[in-house]
Amino acid sequence: MFYRENGQFKASYRADSQIFPVTQDRLGVLFMLVIALVAIPLLADEYLLRAIFIPFVILSLAALGVNILVGYCGQISLGSGAFMAVGAYAAYNAYVRIDGMPLIVALLLGGFFATLVGMFFGIPSLRVKGLYLAVATLAAQFFCDWAFLRVSWFTNNSSSGSVAVSDLSLMGWSIASPASKYLFCMGFLIAFGLMAKNLVRGAVGREWMAIRDMDVAASVIGIRPMYAKLSAFAVSSFIVGVAGGLWGFVHLGSWEPAAFSVDRSFQLLFMVIIGGMGSIMGSFFGAAFIVVLPIFLNQFLPAVGSLVGIEISTAGIAHAEIMLFGVLIIWFLIVEPHGLARLWSLGKQKMRLWPFPH
Amino acid sequence: MKVRIVFLAGVLATFGAGAFAQAKEQFFPVLTGRTGPVAPNATPWANGHNDYMKLVNARGGINGVKTLVEECETAYATDRGVECYERLKGKHGGATVFQPLSTGITFALTEKVPADKIPMITSGYGRSDSADGGVFKWNFPLIGHYWVAGDTVLQHIGKQAGGMEKLKGKKIGVGYHDSPFGKELLPILQERAAQYGFTLQLLPIAAPGVEQKATWLQVRRDQPDYVILQTWGVMTPTAIKEAQAVGYPREKMFGTWWSGAEPDLKDIGQGAKGYSAVMMQHGAEPQSAVVKEILDKVHAKGQGTGPKDEVGSVLYMRGVLGALLATEGVRAAQERFGKGKVMTGEQARWGYENLNLTQAKLDALGFKGVMRPVSTNCVDHMGSAWARVHQWDGSKFVWASDWLQADEQVIRPLVKTSADKYAAEKKLTRRTPADCQS
């Protein structure tokens, strides 16, 4: 009743090809942007911003990057953590070694180097597919772990191997308060989100999806697999690299290679699978599920326990959190194998028909 | 997106319900590692810390101010540690001091505590260069850091060899946790190696360290004269078992103070006989007065945090010492800012910087024979650099050395160089003498 595109006629190609052709979608996105850019920075307290929203925004960005590669182009990658690490360390080196390096340029340089490394490790994708490619990209993970632990040049010869940055600022705007950090990350997320949305519905995105669905057929109709696959690796690693830079610079402030271990790669892959492969929206759902849910359970369980008069020990909560989280993953994959984004589009479909189900 | 908002509303609700202010209570947050690869070692630490806090309350608090603890589980993961820090720092009127019990979390929090004005005690771990209070205003590696551990363990090895100069030409293997925690030990060993002419064989062990076959085959092949272990959690017992498997004598293996406690050795029992570890002042102290008092006033009333039989064990005692330093700093701050008042983090920081625990005070608190006097100032945030070595006799630890003091002549320049490098990277200036008075 409220959500239906009937009667919204487009009079020009331009209007027809806009990102959100349906008025309700446009309003919805606008509403969410207002919430994200105005309401949250004003209303959320420091804890919510620092511990929930900032990691959520940064990992959504990373999941978006991984989704382009895994969800849209169908190239399974277990090297996302490594590309984040390359982004973070390259940005760090640019930032400390070059005097007066602007923050944004440093982060984008991190993304650029992540692109190079991502394309290099994407080369095997031209010959191997599926699980074999996953194993090949795992090599990127182990190589980067090794490089950042052993090559002391990357960490500016820090004796402990841990690096740190502080006093971030952008053209005189100091990025120190939680709200400014959040807005800074949000800026990247919006910019890359729009870019990704446009890419996937343009020619490049269609090539990626053609390769994903059947690469032989795609090359028969004139899509160059090498160009399509490597461009997916490039775009994906760039976004993941910038997310890695943000994770180190803005969220942690000080990090070691363990922050981008193989666990992070798996986490990002799970975000994409649970959120929904081949869906921009799914990246956000997946990140929320993986980042926010454990923390939520961790605080929700003792609250529930105290309601019924049980005091759960710290270790008990941690164990319960892991178990419940595992159960929820399995439950969501059983009821909705296409990811949370599918639930979202089902919901939209229901809204179209509402209040008459048929 | 609606799902997300519902989630957030839920988070808000639980958070709001949990936060309530209480008067006259000094809040000490505890970051625990009760699960994960370090659980066997980090659990007694947290239990000891909390039991001592309960004992302080049973004794009447800090000049009447009761202590309050709340735990948050990090499982030794840095990102969860940062989340816990953000969760706890503002609760119950504001955190007094953080003790992260993880070097990775310490590094991350070092960047955050100056802005939040909360001090951080990292007794025996964290950044060694943070002993320089001129650069690290909010960090307190009280009574020891890794470089003290490294220097004292080398002194002990030197004594075994018959003098430090006898180490010339020898080869010392270093098995270390391949993370900032492990690597922090290396600068002092490298410094000493250059000075005395021995070589180091670096043996990095990837966390969590349950697979070390390759490392120990390397040890068997190269037969270093001694092996130093800088390991934590399940990594330590695995290393000792592997050493046993390749026949490397445990008498030639020396742990630092995170690699020589009961959970590491008791399951190996006789197999670990002869293994020794340098201890940050205290060892296992079941006979000490403070342990008897904890058993009497906390455990006897059924308020003990953990099992009774771990009371007085090595890592339990380290937790007790952590809580002692945290509360005594507050007591020192109360001397200046008002007795019987709740101290803010900023005021407590002054207390940690002007700590003066004399032997008489320590004896009165029940720490006779457990630890030595500590006195800090604006420049020196460590306050004491003493250690002892204990050895596993198959079922318990026995002291194997007299008191050893780390050589300040060597450590001080190392600390200063490293702190200056940090300051230069961060574009910080050293604190002025005027700042020290504040």
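Let me start with the place where the two chains meet: 35 residues of chain A are in contact with 40 residues of chain B, where contact means that the C-beta atoms of two residues, placed from the backbone, lie within 7 Å. On the chain A side, the elements that give two or more residues are helix H3 (46-72), helix H12 (280-307) and helix H13 (314-335), and the largest share, 8 residues, comes from H12(A). Helices here are DSSP runs of H or I with at least four residues, and strands are runs of E with at least two, numbered from the N terminus. By residue type, the side of chain A that touches chain B divides into 21 nonpolar, 10 polar and 4 charged, with Ala, Val, Leu, Ile, Met, Phe, Trp, Tyr, Cys and Pro counted as nonpolar, Asp, Glu, Lys and Arg as charged, and the others, Gly among them, as polar.

A word on provenance: this is a predicted model, in which local features need pLDDT of at least 70 and side-chain atom pairs count only at pLDDT 80 or more, whereas totals for chains, interfaces and linings use all residues. Residues are numbered from 1 along each chain as its sequence is written, and chains are lettered from A and ligands numbered from 1 in the order in which they are written.

Staying with chain A for a moment, helix H2 (residues 23-43) has 21 residues and should span 30 Å at 1.5 Å a residue, and its end C-alpha atoms are 28 Å apart, which agrees; the expected span is 1.5 Å times one less than the number of residues. There is nevertheless a kink of about 35° in H2(A), centred on Ile35(A), the bend being the angle between axes fitted to the seven residues ending at a residue and the seven starting there.

Now to the strands of chain B. Strand S5 (residues 171-177) and strand S6 (residues 199-205) run parallel and are joined by 7 bridges, and 5 bridges join S5(B) to strand S7 (residues 226-230), again in parallel; two strands pair if DSSP finds at least two bridges between them. Val174(B) is a useful residue to look at, as it stands opposite Leu202(B) in S6(B) and has Ile228(B) as its bridge partner in S7(B). S7(B) also pairs in the parallel sense with strand S8 (residues 253-255) over 3 bridges, and there Leu229(B) has Gly255(B) as its partner. The chain passes from S7(B) to S8(B) through helix H10 (residues 235-246), in a β-α-β crossover that is right-handed, meaning that, with the strands pointing away from the viewer, the path from the first strand over the helix to the second runs clockwise.

How covered is S7(B)? It is mostly covered, with 5 of its 5 residues buried, a residue being buried if 20 or more other C-beta atoms lie within 10 Å of its own, exposed if 12 or fewer, and partly exposed in between, with C-beta atoms placed from the backbone. Tyr226(B), Ile228(B) and Gln230(B) point one way from the strand, and Val227(B) and Leu229(B) the other way. S5(B) is mostly covered as well, with 6 of its 7 residues buried. In S8(B), Phe254(B) counts as buried because there are 25 C-beta neighbours inside 10 Å; beyond residues up to four places away in sequence, Phe254(B) touches several residues, including Tyr226(B), Ile228(B) and Val278(B).

Helix H13 (residues 314-337) of chain B holds Val330(B). The 24 residues of H13(B) should span 34 Å, and its end C-alpha atoms are 34 Å apart, which agrees; 20 of those 24 residues are buried. Val330(B) and Met343(B) are 13 residues apart in sequence, yet 6.7 Å apart in space, C-alpha to C-alpha.

Finally, some backbone geometry to check. Most residues other than glycine have a negative phi, and most peptide bonds are trans. Against that background, the bond from Trp354(A) to Pro355(A) is cis, with omega near 5°, and a cis bond also joins Ala207(B) and Pro208(B), with omega about 0°. Ala75(B) has a positive phi of about 50°, and it lies in the loop between strand S2 (66-73) and helix H3 (78-88) of chain B. Leu101(B) also has a positive phi, near 50°, and Leu101(B) is buried, with 31 other C-beta atoms within 10 Å.
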